[in-house]
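This briefing covers the protein–DNA contacts, the metal site and the cysteines. Points are grouped by topic below.

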2 protein chains.
Amino acid sequence: MSPLTNKRVTRQRQLVYDCVIDRKDHPSANEVFVDLQSSGIGLATVYRQLSAMVDEGILKSFEHSGQIRYDRLVTPHAHFVCSVCDEIWDVDLPKNIFSMAPVESNADIEELDLTWKGICKACK
Amino acid sequence: MSPLTNKRVTRQRQLVYDCVIDRKDHPSANEVFVDLQSSGIGLATVYRQLSAMVDEGILKSFEHSGQIRYDRLVTPHAHFVCSVCDEIWDVDLPKNIFSMAPVESNADIEELDLTWKGICKACK
DNA sequence: AACATAATGATTATCATTATCATTAAGAAA
DNA sequence: TTTCTTAATGATAATGATAATCATTATGTT
Ligand SMILES: [Mn+2]
Ligand SMILES: [Mn+2]
Ligand SMILES: [Zn+2]
Ligand SMILES: [Zn+2]
């Protein structure tokens, strides 16, 4: 498991973390659960560990098609979503995007969520 | 109701549309339903009309905190969300944002979803 | 080895949304 | 206007994702 946490390192925690890291996509809790079926892990544990890791900053999450997707990439980046196959790719943020924060709100920006939508190469 | 649709104009359709237009925020289906309680409209009808209007392009929608929010503004714009009070504001998109589309995907971009997050003036 | 208690897993509960279907009422036709 | 066709409605059940409950298990410490 990645650099530390003050939590107990259970077998299940390892399994969940390794699964998200090994997959290079943005799995839902259920997709992680399915991957780990053979280990006998409980669905509730998968949900608990994933959201715990988000709280700890080890993972990030976002909403997509009515469910929460988990992201091993915690550094700022954008996503591209294909409107046909619904797949998600990591893409770079535009240069200097943070300097383009809206002034209307005159609030300080902590983070942003940018998703491009279109038809991917394969579907086109 | 706004310029055209090839659908029957029911009393309920009018009520739902007027509600979203009159509110200047981004209501959920249930919030629209609560507003229209006294009219006797059914919850299923509110859900149906809202998603129908999105299909027709009269409204837009996005996911927020585990539910679908509806937006009267169908022109491209971004959102600012306060991480404390969870309110949502409309803000302008950065100038020329569409020219900053990622090349990695080499796909044509149809639309984008940009949400800034921070603490609003009131909460600060 | 014994202990304290955080984590687990089976299950139930909750919440948002969709599906079903008998009834109602737009809008066209007579 | 009355009749007619059928899309829309509303009550309710079903679904799907996630959270809560709680007895049991097992990690990390003493
Ligand atoms: Mn990502
Ligand atoms: Mn908006
Ligand atoms: Zn695709
Ligand atoms: Zn606020």
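α3(B) provides the largest share of the surface near DNA strand D, with four residues. For DNA strand C, the element that gives the most is α3(A), also with four residues. The model is predicted, and the distances and angles below are computed from it.

**Surface near DNA strand D**

- DNA strand D is surrounded by 20 residues, and the closest are Y47(A), I68(A), T10(B), T45(B) and R48(B).
- By residue class, this surface holds six nonpolar, eight polar and six charged residues.
- Sugar or phosphate accounts for 65% of the atoms of DNA strand D within 4 Å of the protein, and bases make up the rest.

**Polar contacts to DNA strand D**

- From chain A, a backbone N or O atom of I68(A) is 2.6 Å from a phosphate oxygen of the strand.
- From chain B, the side chain of Q49(B) places an N or O atom 3.0 Å from a phosphate oxygen of DNA strand D.
- The side chain of Q12(B) has an N or O atom 2.9 Å from a sugar or linking oxygen of DNA strand D.
- Two or more residues of the surface near DNA strand D come from each of these elements: α3 (43–56) and β2 (67–71) in chain A, and α1 (11–22) and α3 (43–56) in chain B.

**Surface near DNA strand C**

- Around DNA strand C there are 20 residues, of which T10(A), T45(A), R48(A), V9(B) and I68(B) are the closest.
- This surface is made up of six nonpolar, eight polar and six charged residues.
- Of the atoms of DNA strand C within 4 Å of the protein, 64% are sugar or phosphate atoms, and the rest belong to bases.
- At least two residues each are supplied by α1 (11–22) and α3 of chain A, and by α3 and β2 (67–71) of chain B.

**Polar contacts to DNA strand C**

- A polar side-chain atom of T45(A) is 2.8 Å from a phosphate oxygen of DNA strand C.
- In chain B, V9(B) uses a backbone N or O atom, which lies 2.7 Å from a phosphate oxygen of the strand.
- Q67(B) has a polar side-chain atom 3.4 Å from a phosphate oxygen of DNA strand C.

**Zinc site in chain B**

- The zinc ion (ligand 4) has as protein donors the SG atoms of C82(B), C85(B), C120(B) and C123(B), at 2.2 to 2.4 Å.
- The spacing of these donor residues in sequence is C-x2-C-x34-C-x2-C.
- What is the arrangement of the four donor atoms around the zinc ion (ligand 4)? The arrangement is tetrahedral, because the donor atoms subtend angles of 103 to 117°, and the criterion is that all angles lie between 85 and 135 degrees.
- Of the donor residues, C120(B) is buried because its relative accessibility is 4%, under the 20% limit.
- C123(B), another donor, is partly exposed because its relative accessibility is 32%, which falls between the limits of 20% and 50%.

**Other cysteines and disulfides**

- In chain A, C120(A) has a relative accessibility of 5% and therefore counts as buried.
- C19(B) also counts as buried, because its relative accessible area is 8%.
- How many disulfides does a search of the whole structure find? Over all chains, the search finds zero.

Methods. Residues are numbered from 1 along each chain as its sequence is written. Chains are lettered from A and ligands numbered from 1 in the order in which they are written. This is a predicted model: local features need pLDDT of at least 70, side-chain atom pairs count only at pLDDT 80 or more; totals for chains, interfaces and linings use all residues. Side-chain values use heavy atoms; hydrogens and water are left out. A residue is near a molecule or strand if one of its heavy atoms lies within 4 Å of it. A polar contact is a pair of N or O atoms within 3.5 Å; within protein, one must be able to donate a hydrogen and the other to accept it, and residues adjacent in sequence count only if both atoms are side-chain atoms. Ala, Val, Leu, Ile, Met, Phe, Trp, Tyr, Cys and Pro count as nonpolar, Asp, Glu, Lys and Arg as charged, and the others, Gly among them, as polar. A disulfide is a pair of cysteine sulfur atoms within 2.5 Å. Buried means under 20% relative accessible area, exposed over 50%, partly exposed in between (1.4 Å probe, protein chains only). Donors are N, O and S atoms within 2.8 Å of the metal (3.2 Å for Na, K and Ca); water is not among the atoms, so sites may look incomplete. Four donors count as tetrahedral if all angles lie between 85 and 135 degrees; four count as square planar and six as octahedral if opposite donors are over 155 degrees apart and all others between 65 and 115; anything else is irregular.
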